[in-house]
Amino acid sequence: MELAVIGEGGHSKVIMDLIRFQNDKVKAVLDDKYTELVCHDDGIYRGPVASVPHLLRQIEHLKFIVAIGNNKVRKSIVTKLGFTKESYVSLIHPSAVVSPSAQIGQGAVIMAHCTINADAIIGNHTIINTGAIVEHDSRIEDYAHVAPHATLTGAVCVREGTMIGAAAAVIPGKTIGEWAVIGAGSTVISDIPSFSTAVGSPAKVLHCPNTI
Ligand SMILES: CC(C)(COP(=O)(O)OP(=O)(O)OC[C@H]1O[C@@H](n2cnc3c(N)ncnc32)[C@H](O)[C@@H]1OP(=O)(O)O)[C@@H](O)C(=O)NCCC(=O)NCCS
């Protein structure tokens, strides 16, 4: 498969490795640090995100992945591009263990050594980062990010745009509201409100716009 990667920061480097592991081919890298679309010596087109229509005239059947770690920016680019879901690929590292009953959304990335267990639902344009565990019946909504080595035990719900920090753990059945942030290493033992930041063990809400 020929792929265009949107974004060329740290997260994108890991995605490009993942694409090579899958034996797919990076044909273009789009990032607004470039001013015009140019085909480089390595055969890869590089240009600004706005050059997508021009790129699609050069390469047919191109698929896309938005490789930007910031959840809000990732959503704004997907919204701006307005492509159908089928224009995006999902990428799963060969070392990840994914249950046959799990559902993986378009534009989602499942990094090395992740486990996605039975009946888990992974939304569109999500990041399940290195070594994260998403246990049975958990649901990760669109644009969320589960950072390296976080553990979501059974039937956890992570709503849209939320970031679960590295090595955090969430006990069974809890819901983390939309666009919330859970601090690295925190232990979540209660539901967390939308748009809040919660840290510590047990996690307590630090910032919550709804309560100011
Ligand atoms: C939660 C987080 C976003 C808070 O950032 P912030 O809003 O800038 O907060 P601050 O650094 O000002 O810290 C505010 C307070 O929370 C505490 N705190 C921050 N992060 C914490 C954490 N992960 N666990 C426990 N306490 C934490 C700070 O010690 C500070 O306490 P104090 O007020 O008693 O001094 C950040 O610390 C964090 O953990 N980010 C996750 C990073 C990550 O995992 N990234 C993955 C990349 S792939």
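Visitor: Which strands supply at least two residues each to the shell around the ligand?
Guide: Strand 23 (197-199) and strand 24 (204-207) each do so. Bear in mind that this is a predicted model.

Visitor: Which residues come nearest to the ligand?
Guide: There are 15 residues around the ligand, and Gly-165, Ala-166, Gly-183, Ala-184 and His-207 come nearest.

Visitor: What does the backbone of Ala-166 lie close to, and at what distance?
Guide: A backbone N or O atom of Ala-166 lies 2.8 Å from an oxygen atom of the ligand.

Visitor: And Ala-184, which ligand atom is that one paired with?
Guide: A nitrogen atom of the ligand, which lies 2.8 Å from a backbone N or O atom of Ala-184.

Visitor: How much of the ligand does the protein bury?
Guide: The protein buries 40% of the 910 Å² that the ligand exposes when taken alone.

Visitor: Back to strands 23 and 24. What is found in the loop between them?
Guide: Pro-202 is found there. The peptide bond leading from Ser-201 to Pro-202 is cis, with omega near 0 degrees.

Visitor: Other backbone oddities. What is the phi of Asp-119?
Guide: Near 60 degrees, which is a positive value in a residue other than glycine. Asp-119 is found in the loop between strand 10 (115-116) and strand 11 (121-122).

Visitor: How accessible is Asp-119?
Guide: Its relative accessible area is 43%, so Asp-119 is partly exposed.

Visitor: What about Ala-155, what is its phi?
Guide: Ala-155 is not a glycine, yet its phi is positive, at about 55 degrees. Ala-155 sits in the loop between strand 16 and strand 17 (157-158), and is partly exposed with a relative accessible area of 38%.

Visitor: You mentioned strand 16. Which strand do two bridges join it to?
Guide: Strand 16 (residues 151-152) is joined by two bridges to strand 19 (residues 169-170), and the two run parallel. Leu-152 has Val-170 in strand 19 as its bridge partner.

Visitor: What is the order of the sheet?
Guide: The order is 7-10-13-16-19-22, an open sheet of six strands with parallel pairing.

Visitor: Which strands stand at the edges?
Guide: Strand 7 (97-98) and strand 22 (187-188). Each has a single partner strand, so one side of each is left without a neighbour in the sheet.

Visitor: New topic. How many salt bridges does a search of the whole structure find?
Guide: Seven. One of them is between the side chains of Arg-46 and Glu-8, at 3.8 Å from N to O.

Visitor: Which parts does that pair tie together?
Guide: Arg-46 lies in strand 4 (residues 45-47) and Glu-8 lies in the loop between strand 1 (2-6) and helix 1 (10-21), so the pair ties together parts that are 38 residues apart in sequence.

Visitor: Is Arg-46 buried or exposed?
Guide: Arg-46 counts as buried, at 13% relative accessibility. Glu-8 counts as partly exposed, at 23%. The cut-off for buried is under 20%, so the two residues fall on either side of it.

Visitor: What about Arg-139, which residue does it form a salt bridge with?
Guide: Glu-141, with the closest N and O atoms 2.9 Å apart. Arg-139 is partly exposed at 42% relative accessible area, while Glu-141 is buried at 15%.

Visitor: Which residues do shared partners join into one network?
Guide: Glu-8, Lys-33, Asp-42 and Arg-46, through salt bridges that share partners.

Visitor: And helix 1, which salt bridge has both partners there?
Guide: Asp-17 and Arg-20 both lie in helix 1, three residues apart, about one turn of the helix. Their closest N and O atoms are 3.6 Å apart. Asp-17 is partly exposed with a relative accessible area of 43%, and Arg-20 is partly exposed with 49%.

Visitor: Where does Ser-12 lie?
Guide: Also in helix 1. Ser-12 counts as buried, at 0% relative accessibility.

Visitor: What does its side chain reach?
Guide: The side chain of Ser-12 reaches the backbone oxygen of Gly-7 at 2.8 Å. Leaving aside neighbours within four places in sequence, Ser-12 is in contact with Val-5, Gly-7 and Ala-67.

Technical notes: Residues are numbered from 1 along each chain as its sequence is written. This is a predicted model: local features need pLDDT of at least 70, side-chain atom pairs count only at pLDDT 80 or more; totals for chains, interfaces and linings use all residues. Side-chain values use heavy atoms; hydrogens and water are left out. A salt bridge is a side-chain nitrogen of Lys or Arg within 4 Å of a carboxyl oxygen of Asp or Glu. Helices (H or I, at least four residues) and strands (E, at least two) are DSSP runs, numbered from the N terminus. Buried means under 20% relative accessible area, exposed over 50%, partly exposed in between (1.4 Å probe, protein chains only). Two strands pair if DSSP finds at least two bridges between them. A polar contact is a pair of N or O atoms within 3.5 Å; within protein, one must be able to donate a hydrogen and the other to accept it, and residues adjacent in sequence count only if both atoms are side-chain atoms. Contact means heavy atoms within 4.5 Å. A residue is near a molecule or strand if one of its heavy atoms lies within 4 Å of it. Accessible areas come from the Shrake-Rupley method with a 1.4 Å probe; for residues, only the protein chains shown count as cover.
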